[in-house]
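Hi,

Here is the structure I promised to pass on. Have a look at it first, and then read on for what turned up when I went through it.

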Amino acid sequence: MAVIEMRRIKRIYRLAAQPGGKRSQNEEVVVRALRGLDFSAESGEFVSIMGPSGSGKSTLMNILGCLDKPSAGTYTLDGVETTRSEGDAGDTLAQIRNKKIGFVFQSFNLLPRTTALENVELPLFYNRSGYNRNRKERAMAALKEVGLGERLYHVPSQLSGGQQQRVAIARAMVNDPAFILADEPTGNLDTEMTLEIMGLFQALNRRGKTIIMVTHEMELAAYTQRVITLRDGTLVSDIPVTENRDAAEDLAQWERTHAHLRGSPEQEAQA
Ligand SMILES: Nc1ncnc2c1ncn2[C@@H]1O[C@H](COP(=O)(O)OP(=O)(O)OP(=O)(O)O)[C@@H](O)[C@H]1O
Ligand SMILES: [Mg+2]
């Protein structure tokens, strides 16, 4: 089943001309950020979105994430046509977003001085669909799923960057969204933590989660199943990843070759 179905999506930004510029005052500058883009993703896919700066990735992310509406075209998310949502009896864009999308950002966006458990519980306060009674149990289960069952009461400053991103991933999953939308999720992490997070995404994807990830790095796209590339607001390629890499294997390899940097307790005892 298609989770995401975009047809002929356009996004035009209109800017008033600069006062004092060469153009007359009432002339507009029009930026065609997306020019009639078609994109769909099936349930269970792991897709990366690539493309040079200015190609329209953030614009596409904002529309995919129901943070913005296209100027033209249709976007159907999990059977709901989001482009028709506002104004009629249907859910607003914000309601669709809260129910159907789990966000993971480069900068984690966790609340400071708030425990991992409370951070993960947060989306459940906005979800009015009757899950609220077992909020704590659901948040605990999500944290266990990302391997943080032992860190429930730590606040973000007591967690490593990779652990903080795991909390953010648990928070993204706790509402059981139609898909996870990740924007450069490892942009602030070192190699080891990056491999850890990519391994977690791969594990979640094997359990059926649909993940859409924006990345600048081809190496990271190799952990996904399919790469779409944007250029000048159009989709210029859409290719399956043929040599899919396993992040857990790459992490194990990395740890073997870099063990000397960290120094095992045995090595330290010998020194
Ligand atoms: N709010 C806005 N108003 C006007 N123009 C915009 C706005 N946001 C983006 N643009 C323009 O739309 C085009 C696409 O921008 P977008 O931010 O989607 O690119 P991107 O692929 O995310 O780039 P990067 O890799 O640098 O983040 C660019 O030409 C940009 O200048
Ligand atoms: Mg961007």
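The sheet first: this is a predicted model, and in it 6 strands make up an open sheet with mixed pairing, ordered β6-β7-β8-β3-β9-β10. The edges are taken by β6 (101–104) and β10 (234–240); each has a single partner strand, so one side of each is left without a neighbour in the sheet. From one strand to the next, the twist averages 20°. Helix α5 (residues 161–173) packs on this sheet, where it touches β6 and β7, and its direction makes about 170° with that of β6.

Now to the pairings inside the sheet. Strand β7 (residues 179–183) and strand β8 (residues 211–214) run parallel and are joined by 4 bridges. If you want a residue pair to click on, D183 has V214 in β8 as its bridge partner. On β3, I49 also has V214 in β8 standing opposite. The β3 to β8 pairing is parallel, with 4 bridges. β3 also pairs with strand β9 (residues 226–231), again in the parallel sense and over 4 bridges. There, V47 stands opposite R226 in β9.

How many residues of β3 are buried? The count is 5 of its 5 residues, so the strand is mostly covered. F46, S48 and M50 point one way from β3, while V47 and I49 point the other way, and all are buried.

Just ahead of that strand there is a residue I'd look at, S43, in the loop between β2 and β3 (46–50). S43 counts as partly exposed because it has 14 C-beta neighbours inside 10 Å. Once its neighbours within four places in sequence are set aside, S43 is in contact with M1, V3 and T210. S43 and G208 are 165 residues apart in sequence, yet their C-alpha atoms are 7.6 Å apart in space.

Next, the ligand. Around ligand 1 you'll find Y13, L15, V31, A33, G51, S53, G54, S55, G56, K57, S58 and T59. Which elements supply at least two residues each to this shell? They are β1 (2–16), β2 (28–42) and α1 (57–64). The largest share, 3 residues, comes from α1. Sorted by class, the shell around ligand 1 has 7 polar, 4 nonpolar and 1 charged residues.

There is also a helix pair to show you. Helix α3 (residues 116–126) packs with helix α4 (residues 135–145) at an angle of about 120°, and their axes are 9 Å apart. The crossing of α3 and α4 is right-handed. On the α3 side the contact involves A116, L117, V120, E121 and L124, which meet R135, K136, R138, A139, M140, A142 and L143 in α4. The residues of this contact divide into 8 nonpolar and 4 charged, with no polar ones.

Two backbone spots are worth a look as well, both with a positive phi in a residue other than glycine:

- D78 has phi near 50° and sits in the loop between β4 (72–77) and β5 (80–81). With 19 other C-beta atoms within 10 Å, D78 is partly exposed.
- F108 has phi near 65° and belongs to the loop between β6 and α3. Is F108 buried or exposed? F108 is buried, with 21 other C-beta atoms within 10 Å. The cut-off for buried is 20 or more, so D78 with its 19 falls short of it and F108 with its 21 passes.

Finally, the overall numbers. The protein chain has 9 helices and 10 strands. Of its 271 residues, 36% are buried. Among contacts in the protein chain with a separation of 6 or more, 69% are between residues 24 or more positions apart.

That's the tour. If you open just one view to begin with, I'd pick β3, with β8 and β9 as its parallel partners.

Cheers

Methods. Residues numbered from 1 in each chain as written. Chains lettered and ligands numbered in written order. Predicted model: local features only at pLDDT ≥ 70, side-chain atom pairs only at ≥ 80, totals over all residues. Near = placed C-beta within 6 Å. Nonpolar A, V, L, I, M, F, W, Y, C, P; charged D, E, K, R; others polar. Axes fitted to C-alpha atoms, helices over the stretch in contact; angles between N-to-C directions. Left-handed = near helix turned anticlockwise from the far one by under 90°. Contact = placed C-beta atoms within 7 Å. Pairing = 2+ DSSP bridges. Buried ≥ 20, exposed ≤ 12 C-beta atoms within 10 Å, placed from the backbone.
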